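User: I'd like a close look at one part of this model: the charged side chains and how they pair up. Walk me through it informally, and fill in the surroundings where they help.

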Amino acid sequence: MRRYRRRFALIASMAAGATAVALFGAVPAAVAANTSPLTVPRIQEWTGGTGAVSLSSSSRIVVDPATADDAAAGTPALLGSLRTLRETAQRIRDDLELVTSLDLPVVESATSTAGDITLALAADATLGDEGYELSATDRIAISAPATDGIFYGAQSLLQVLRQAAPSTVFPQGEIRDWPDLTYRAEHFDVSRRYMSVEDIQDEIRRAAWSKLNVIQLMFNQANAFRLYSPDYAAAAPTDPGQRYTQADIAAIEEVAADYHVTIVPEVQNPTKMQPIAGLGGIDRSLASQCGDPSTIDFTDPAVVTWFQDLLDEFIPWFSGPYIHLGNDEVPTSLASCSYLTSQLGAGETIDDLQEEYIASLKATVEARDKTAMIWVNNTRIRPGTDVLIMNFGAESVAASMRSLGYQVVDSAYKSGPYDRFYISPSDFEGKVVPRGDIYAWTPPAHANNFGQVLAMWGDDLFFSETDYFIDMFDGRREELAERTWNTAAAGATFATFSSLIGAIGRAPGVAALPSVPETTDGQPIHAYDFNSTYTPTAATHYPGYWKLSLADSVGTLHGNGWIFTPNYPVAGRDGNGLGFGAAASQSLNLGGYRIAGAWSTAFWIKRTANSTNTVLLRDMDHAIKVEQSGTANRFGISTYGGANYTLAYTAPLNTWAHVTITSDSGGTSLYADGVLVDSIAQQIPLPLGGIGGRRSFGGVLDDLLIYAEKLTALEVAALYGTYAVGTPVDLAAGKTATASSVKNANPDRVASKAFDGDSATRWGSEYADPTWVQVDLGQSVAISGVRLNWESAYGKSYKIQVSSDGTTWTDVYSTTTGDGGVDEIAGLSATGRYVRMYGTERGTTFGYSLFDFNVYGSPADLAVGKMATASSVKSSNPDRAASKAFDGDPATRWGSEYVDPTWIQVDLGTSMSINGVRLNWESAFSKSYQVQVSSDGTTWTDVYSTTTGDGGVDQITGLSATGRYVRMYGTERGTGYGYSLWDFNVYGGP
């Protein structure tokens with residue numbers, strides 16, 4: 001874009017007595033009543049009038065009949081649409097209806113009336129190829145040298161109307177507007193991860209709404225080649241929904257033309273070519289010559305001709321002026337390959353070989369009347385200056401290439417190693433341009449500064465969700481448009497600019513990103529057991545080049561750990577787990593779009609080292625922390641750039657713990673081993689960008705589950721119970737068992753055989769109904785599930801019953817349609833010491849026979865709801881009474897006066913066998929205390945003591961005591977306050 005245009009237009013408008021006004025600048029009342037309309041990007045010049053023009057149902061869109069069949073008043077722009085004025089008018093009409101609800105007719109006429117919108121092509125050198133003039137008097141007139149400018153003028157009109165109340169009013173005045181940079185682009189890697197035709201079309205609409213004019217699509221990389229032609233059928237994935245046919249590209253191009261966007265295809269070469277280098281059984285790579293199977297032999301004339309033919313197959317699919325030929329990241333090791341160096345002349349380097357190769361491809365591109373583009377990250381590769389350069393190196397590389405006479409499209413904006421306009425979230429903050437950075441950037445003032453690109457890369461995100469990336473483009477896309485259209489310094493703050501984006505809203509016809517649908521079935525939408533690696537088939541990717549991926553067993557959000565590889569495999573709780581170093585850069589990337597509504601996540605975790613500010617799950621905006629910043633290794637949730645919130649639980653060191661975190665609009669709760677530990681009022685969306693990150697927690701993760709719903713306390717307990725009964729814990733294993741009968745009194749068929757943990761042994765009954773088999777768990781437990789592994793003699797009709805005394809039974813499950821095999825009975829909510837299967841109808845003529853009878857669950861809290869007293873209550877406040885520690889609500893608490901010693905006790909009602917106690921401390925914890933039991937509430941026996949208490953949750957297990965009364969006796973406070981407990985749980989049984 002010629003730089004004189006803006007100055008020329010400004011002088012002309014000032015000569016007419018007008019003043020150019022920046023986007024957020026005020027216009028002196030003496031000059032014009034109307035201040036500049038607010039648009040993204042900012043308009044270049046505004047001359048304010050007074051009053052407003054209103055559109056109505058009687059308004060029309062009036063097309064100049066003299067130019068209705070033209071796309072430009074002169075030569076069409078290099079980057080522009082060939083849509084005629086008549087066709088562009090129809091597009092404007094449709095979008096205007098979406099913004100204003102006005103269904104206006106499109107007419108062709110040399111005359112107009114008040115309230116009309118007129119469209120006309122008119123040569124105006126000061127507006128360049130894409131500029132426009134919009135005059136608002138008693139009607140709105142948009143004129144431009146090309147239909148691209150007409151379309152952009154309409155976008156400004158629609159954005160202003162979107163903000164107006166009502167949405168049919170536009171301020172009187174005149175806009176003269178044009179872009180400062182020619183190539184205003186978004187780049188999408190659609191090779192590593194497929195992006196649907198419909199998603200690309202929607203992104204075209206979003207880009208055009210902000211006057212971006214290029215969508216660049218990279219169709220191949222080491223993991224897939226996604227262009228499908230029958231002549232190269234073996235190159236692309238076999239699933240039609242994972243590749244692009246010529247008809248697909250035509251559909252994309254059709255929408256792009258409607259919205260005045262150019263599609264630029266990128267066919268990566270000569271490296272990262274594994275999916276196509278061996279087509280037809282011919283190895284065209286440098287594997288044998290240089291040990292490089294990823295790069296084709298770009299010095300072999302036969303290989304060069306083959307690739308030229310491939311290009312010639314696909315180039316005609318695209319109407320735009322540019323074909324991008326890749327050229328990025330050619331391995332530096334090739335510079336020492338003797339096969340290549342032997343071909344060099346005096347003073348030549350491998351760069352000269354690459355230049356010769358690029359010249360060959362350039363000839364193929366130019367034969368199709370296109371211009372070649374390549375990536376560079378240094379100045380060593382110097383093709384002809386008629387090749388458009390796209391820089392992915394440092395900002396200094398772009399500056400040098402411009403000075404050498406190349407037109408340059410840049411991605412860099414600062415001097416750091418990866419200060420790029422990149423969205424490459426597998427590297428998290430390292431390669432994602434921070435919000436606000438593009439807005440603060442000043443484009444270089446150079447005649448060869450052709451434009452700027454915001455580039456999305458799918459590294460390590462092969463199965464990710466498109467909305468994950470679009471969410472990161474939102475806002476950044478508008479920043480790029482703002483700074484490439486109008487390169488003058490912005491007058492508004494970034495916060496004001498962001499608010500304007502929200503006020504303008506989404507592009508017409510494009511829906512908001514959908515929320516993840518909430519489920520109600522208690523089942524995960526993603527599950528990772530980490531037991532085996534995952535390699536895709538040819539349906540989606542090229543499987544011949546694959547590193548670490550781990551399967552999502554219920555969805556398709558498979559994890560990838562190629563870049564910052566986690567420790568795998570490591571010993572998990574059951575099979576393999578996923579390991580991380582403390583505060584290390586290790587991640588398994590997922591690329592899932594956040595769950596903004598109700599959600600839950602459950603997992604087994606074993607911390608092996610203390611650290612701080614460490615991450616379990618995260619994306620670019622939110623994180624679930626294993627060790628929240630500034631806490632004693634407690635869990636937390638965070639909004640980056642916002643607040644941190646703490647959940648009062650610390651996962652133990654070198655011990656497996658099962659953690660479930662649930663959330664909805666009411667707040668967030670954390671459960672440990674099936675028991676509620678803490679609840680807070682705050683909530684974040686569940687981030688699914690990746691597991692781990694730049695500060696991973698130190699330890700091992702296993703059996704990670706993701707839910708699109710908030711699990712209930714009963715569902716959490718049931719989930720924990722299913723793990724507790726599986727490997728390695730079964731509450732019934734080895735316990736005392738009895739049955740109503742044993743077949744022929746055979747010792748190999750006794751009741752204990754169903755509880756011995758050996759699936760090759762079995763209990764078998766006589767051939768009679770009813771028949772039962774039962775187990776004594778030794779103490780009262782919360783029962784969440786039962787598993788029955790039947791021998792061929794199964795129960796057709798039976799009940800699962802529980803009892804506290806082995807005499808009085810309560811049904812918790814029944815069926816009359818049993819069919820043998822394995823019955824997994826989950827979701828139970830019962831308490832008891834005894835569990836039995838009571839069969840009322842055999843499924844065969846034989847008896848009943850079970851290989852395994854497993855019981856899932858966790859110890860019952862004997863103290864909940866029981867009578868409690870304390871030595872003191874803070875200020876006699878009823879909200880701090882002793883009973884608050886035993887009410888089953890982790891949001892209420894007992895609090896004492898600020899004295900030592902202090903005690904709190906509970907009356908269990910009868911003498912119980914006690915094997916564990918759990919103390920969930922508020923921040924006012926006890927450093928030194930004893931847990932004591934008593935039969936009469938007077939004489940006490942210590943069963944546990946510590947002098948190193950540190951708050952949080954104290955899980956005290958392995959006790960062997962009997963008593964009716966249990967108390968915590970504190971002798972030294974851990975703070976200057978008193979003692980305070982959210983929960984005081986007692987475990988055991990009769």
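Analyst: Let's start with lysine 799, which is partly exposed because its relative accessibility is 28%. Keep in mind that this is a predicted model. Lysine 799 forms a salt bridge with aspartate 811, with 3.5 Å between the closest N and O atoms. Lysine 799 sits in strand 40 (residues 795–803) and aspartate 811 in strand 41 (residues 810–815), so the bridge ties together parts that are 12 residues apart in sequence. Aspartate 811 is partly exposed too, with a relative accessible area of 41%.

How many salt bridges are there by this rule? The count comes to 45. As background, side chains of opposite charge can pair when their charged atoms come close.

Now for a pair within one helix. Arginine 93 and glutamate 97 meet in a salt bridge, N to O at 2.9 Å. Both belong to helix 2 (residues 85–100), and because they are 4 residues apart there, about one helical turn separates them. Their accessibilities fall in separate classes: arginine 93 is buried because its relative accessibility is 12%, under the 20% cut-off, whereas glutamate 97 is partly exposed at 30%.

Next comes aspartate 312, whose side chain meets that of arginine 368 in a salt bridge (3.0 Å, N to O). This one links distant parts of the chain, with the two positions 56 residues apart: aspartate 312 lies in helix 8 (residues 301–314), and arginine 368 lies in the loop between helix 10 (350–367) and strand 16 (371–376). Both ends are partly exposed: aspartate 312 has 31% relative accessibility, and arginine 368 has a relative accessible area of 37%.

Some charged residues join up in a network. Which ones are they? Glu186, Glu203, Arg206, Asp474, Arg477 and Glu478 are linked by salt bridges. One of those members, Glu186, also turns up beside an uncharged residue: glutamine 216 has Glu186 among its contacts. Glutamine 216 is found in strand 9 (residues 214–218), and it counts as buried because its relative accessibility is 0%. The side chain of glutamine 216 makes a polar contact with the side chain of glutamate 266 at 3.3 Å. Beyond four places in sequence, the contacts of glutamine 216 also include Tyr183, His187, Phe188, Val264, His324, Met373, Trp375 and Met390.

Then there's a charged side chain without a partner. Is arginine 483 buried or exposed? Arginine 483 is buried, and it has no salt bridge. The nearest side chain of opposite charge belongs to glutamate 482, 5.5 Å away, while a salt bridge has to be within 4 Å. Arginine 483 sits in helix 13 (residues 466–485). What lies 3.2 Å from a polar atom of the arginine 483 side chain? That is the backbone oxygen of threonine 487. Leaving out neighbours within four places in sequence, arginine 483 is in contact with Arg42, Ile438, Tyr439, Trp441, Thr442, Pro443, Ala488 and Ala489. Notice that a second arginine, Arg42, is on that list.

Here is the wider frame for those pairs. The protein chain has 15 helices and 51 strands, and its C-alpha trace spans about 100 × 75 × 55 Å along the principal axes. Of its 990 residues, 56% count as buried. Among contacts with a separation of 6 or more, residues 24 or more positions apart account for 72%.

One sheet is worth a stop as well. It is open, has 7 strands in the order 1-7-5-6-4-2-3, and its pairing is mixed. Strand 1 (45–54) and strand 3 (106–108) are the edge strands, each pairing on one side only. From one strand to the next, the twist averages 20°. Inside the sheet, strand 5 (residues 132–136) and strand 7 (residues 169–177) run antiparallel and are joined by 5 bridges. Alanine 136 stands opposite glycine 173 in strand 7.

A last lysine, lysine 735, comes up through serine 752: the two are 17 residues apart along the chain, with 7.8 Å between their C-alpha atoms. Serine 752 lies in the loop between strand 37 (736–739) and strand 38 (763–764), and counts as partly exposed because its relative accessibility is 35%.

Definitions and conventions: Residues numbered from 1 in each chain as written. Predicted model: local features only at pLDDT ≥ 70, side-chain atom pairs only at ≥ 80, totals over all residues. Heavy atoms only, no water. Buried < 20%, exposed > 50% of the residue type's maximum accessible area, 1.4 Å probe, protein only. Lys, Arg positive; Asp, Glu negative; His and termini not counted. Polar contact = N/O pair within 3.5 Å; in protein donor to acceptor, adjacent residues only side chain to side chain. Contact = heavy atoms within 4.5 Å. Pairing = 2+ DSSP bridges. Axes fitted to C-alpha atoms, helices over the stretch in contact; angles between N-to-C directions.
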